[in-house]
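Please look through the structure shown below, beginning with the chain as a whole and then turning to one group of strands.

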Amino acid sequence: MKKALLATAFVPLIVGGCAGVEPKDTLTETLETGGALKPEHQHINLEKAHLFFDINPEKREVKGKTELVLSVTERQSDFLIDFDNNYQISALSINSLKTNDYTHELGEIRFSLEQPIAAGDKLRVTIEYKGQPHVAINPPWDGGYVWDETENGKPWIATAVQGEGCDLIWPCIDHPTFEAKQTDIVIRVPKGLVAASNGKLIESSEGEGWSQYHWRSEQPQNNYGIALNVGPYEVLKDTYQSRYGHEYPLVFYYLEGKKAEAEKLFNEFSEQLDFYEDVIGPYPFYAEKMGVVETPHLGMEHQTINAYGQEYKAGKYNFDWLLHHELAHEWFGNQVTNTDWDHMWLHEGFGAYMQPLYGQYLHGDFAYHSMMYDSRIGIRNEHPVVSNKPMSEDDVYKADRGPGSDIYQKGAWILHTLRNLIGDDDFFAATRKLVYQTTDPKPGNFEPHFADSQDFIDAVNEQTGEDFTWFFEHYLYTAKLPELVAEQEGNKLSLHWQTFNEAAFKLPVEVQVGDTISTVVVGKTPVQVALPTTDAHYVLDPLHKILKQEDYLDAYAKEQPQ
């Protein structure tokens, strides 16, 4: 999820936050997530991460210890780890040997080895630290730590750092392509509180005044998706029987006193999984859990422990859109992860399109078309959805720098148009190829991987046996939409596409006259359609199967509050 989601018309306008909390720290200005790989990161792999957090809600302080196992693919002596300067490092060790020969400035820890390590070798870096972490001003859109309280005054804490990056909560390599192959997360909290996180719960223990929870994820996960959730939680558990012949746990951490509301939402877990496993494929993280945790911010796609903070509001289409959207990211974002923020529409465009698809799955075409029409309002078309260059998160999500909310709504409408063009069979097969790298996914024959827009284009071309690069040239890589130009002379209707890209462009257009709908393949050169009379009423694209320029929608959108 992210700030742009609020621009989707059928999404309720909810702004998360921590009432009464005024952040005292300042975010390091150079702390941008993503962008071009730094030289020190170009030949490194992150093998394992062991993260320990000791959380003090009263002081809003965190003491931590992070151990990273790095491997290199080329001889290297200079290293860089991203970490916010709101933390003070108390010790740094290289292969268990403490060193003071490092710097920690502008959100970067830098150190050099006296003897470079060779390609294939590993390096163990241990960093001990403490500090008062950056406080989220408007989570999850402007993220960090969220320090809140429940209605009965107990601590309620969460992290949400998609926009700012993992270095706000742990020393990491802050780029989408750096996912540890195994992550251990150990969280110590005051006794009486529960800490929920990613993966499997390995063990819980208690000491004098504290409780500790050890979580382990044995599959790669987005580094911004590693999340801490602390509160007086109670737990609902069940087992999901997958259509693929296996089962896995469903877990919901909810605040005490909310059992009735939680049970109602919990019933949706299996219903929504039925849809995803039927339409897309197996839940990717069946070896761990499908987990959700109630949070003091709206939501975020934290692998196997999605954040939920919509306060159990009734859904317009008889399902909880937030739960559904964040669950979508287990496939689009966690199972397949973009190689760069520039391709974030693979997460958010697909994620946003899943809600109308679910509306269609539950209620038929009426719900689908209603939701698609709502989401059409507000598409901006000011920047291409994909620029094909390294982008930071701000480059993408801030509308003055990049596509902003278009990665949601426009991304969903690109998929809608493509689906109508190539048909359901090819569309969903290509989608599965993007997600699983196979069109026939079964548990055990896929694993999380990285992809970019070209991978999806290749999947579409392979599945259809045609080259649809022209389609994506106009919709992904060009900001302005194709315009369907109609001119009538007598009983002759002339149609052609006006585009802002030199690539060829041909789309079938439905023309409705009375009760009759005919399909005409329209390109850049005008084609003629015969009308029965000179005053015959016609409607172009009556079911809105095509994403195209619509002046009246742009005019309406400008009048809506942002």
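The paragraphs that follow move from the overall form of the chain to the pairing of a few of its strands.

The model is a predicted one, and its secondary structure comes to 10 helices and 28 strands. Along its principal axes the C-alpha trace spans about 85 × 55 × 50 Å. How does the radius of gyration of the chain stand against that of a compact globule? For 562 residues such a globule would have a value near 24 Å, and because the chain has 25 Å, the two agree.

Buried residues account for 58% of the 562 residues, and, of the contacts between residues at least 6 apart in sequence, 71% join residues that are at least 24 apart. The surface that the chain exposes amounts to about 22900 Å², of which carbon and sulfur atoms supply 46%. As for charge, the chain carries 46 positive and 86 negative charges, whose mean positions lie 3 Å apart.

Within this chain, strand 7 (residues 108–117) is a useful place to follow the pairing, since strand 3 (residues 76–82) runs antiparallel to strand 7 and is joined to it by 6 bridges. One residue pair can be located directly, with Ile 81 having Ile 109 of strand 7 as its bridge partner.

Strand 6 (residues 102–105) also runs antiparallel to strand 7, to which 4 bridges join it, and here Thr 103 has Arg 110 of strand 7 as its bridge partner. Strand 6 and strand 7 form a hairpin with 2 residues between the strands, in which Leu 106 takes a positive phi near 50 degrees.

How values were computed. Residues are numbered from 1 along each chain as its sequence is written. This is a predicted model: local features need pLDDT of at least 70, side-chain atom pairs count only at pLDDT 80 or more; totals for chains, interfaces and linings use all residues. Side-chain values use heavy atoms; hydrogens and water are left out. Two strands pair if DSSP finds at least two bridges between them. The radius of gyration is taken over C-alpha atoms; the globule rule is 2.2 Å times the number of residues to the power 0.38. Buried means under 20% relative accessible area, exposed over 50%, partly exposed in between (1.4 Å probe, protein chains only). Contact means heavy atoms within 4.5 Å. Accessible areas come from the Shrake-Rupley method with a 1.4 Å probe; for residues, only the protein chains shown count as cover. Lys and Arg count as positive and Asp and Glu as negative; His and the chain ends are not counted. The place of a charge is taken as NZ of Lys, CZ of Arg, CG of Asp or CD of Glu.
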